[in-house]
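Student: I have not seen this structure before. Could we go through it step by step?

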Amino acid sequence: MIRRPPRSTLDRSSAASDVYKRQEVREYLIDELIARIKALLRRSSDDSKEMILSYGNIKLDTDSHRVYFCDEEAKLGPREYRILEFLMKNPGRVYSRQQILDNVWGTNVYVTDRTIDVHIRRLRKALSNTEECKVIRTIRSSGYSLDTNS
């Protein structure tokens, strides 16, 4: 049996200091953890609110997947709805056909660029009950944009 010499007061004070430092770190980590949890709860409560995108005469309810255009409900297919939602997130910005394909269909699907033209035509038809309510603008050789001045 090996005996250890008794601890000196210096050894005891450094050991107590180490314990104090560990407790201080734990308190810091717990405070950080609480702050992170509160931030997550704030963000999740923001997501639970009903989200309505609005631009000009168009109102798009993302929760119920309904579109109101010139105060009337527009009947859209799923792809037309997703195209409109994509365009409404950044109105006025011009998107190429490829950008719309990538964001609406995804990158792992083989669809030709002209498919966008068909869906834009359907979207325009569903949204154009009068001449002053046209909102999708074609930019030649560039793509499409959501614009109330089209």
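Tutor: Yes; keep in mind that this is a predicted model. A polar contact of 3.0 Å links the side chain of Asp61 to that of Ser64.

Student: Which strand holds Asp61?
Tutor: Strands are located by their residue ranges. The range 58-61 takes in Asp61, and the strand with that range is β2.

Student: Which side chain of opposite charge is nearest to Asp61, and how far away is it?
Tutor: Asp61 is buried but has no salt bridge. A salt bridge needs a nitrogen of Lys or Arg within 4 Å of a carboxyl oxygen. The nearest side chain of opposite charge is that of Arg66, at 6.6 Å.

Student: In what order do the four strands of the open sheet lie?
Tutor: The pairing in this sheet is antiparallel. Its edge strands, each pairing on one side only, are β1 (52-55) and β4 (72-74). From one strand to the next the twist averages 25°. The order is β1-β2-β3-β4.

Student: What is the bridge partner of Lys59 in β3?
Tutor: Strand β3 covers residues 66-69 and runs antiparallel to β2, with four bridges joining the two. In β3, the residue bridged to Lys59 is Tyr68.

Student: How far apart are the end C-alpha atoms of helix α4?
Tutor: Helix α4 has 14 residues, 114-127, so at 1.5 Å a residue it should span 20 Å. The distance in the model agrees with this: 20 Å.

Student: Which residues of α4 are buried?
Tutor: Buried here means under 20% relative accessible area. In α4 the residues that meet this are Ile116, Asp117, His119, Ile120, Leu123 and Leu127.

Definitions and conventions
Residues are numbered from 1 along each chain as its sequence is written. This is a predicted model: local features need pLDDT of at least 70, side-chain atom pairs count only at pLDDT 80 or more; totals for chains, interfaces and linings use all residues. Side-chain values use heavy atoms; hydrogens and water are left out. Buried means under 20% relative accessible area, exposed over 50%, partly exposed in between (1.4 Å probe, protein chains only). Lys and Arg count as positive and Asp and Glu as negative; His and the chain ends are not counted. A polar contact is a pair of N or O atoms within 3.5 Å; within protein, one must be able to donate a hydrogen and the other to accept it, and residues adjacent in sequence count only if both atoms are side-chain atoms. The expected span of a helix is 1.5 Å times one less than its number of residues. Two strands pair if DSSP finds at least two bridges between them. Axes are lines fitted to C-alpha atoms, for helices over the stretch in contact, and angles run from 0 to 180 degrees between N-to-C directions.
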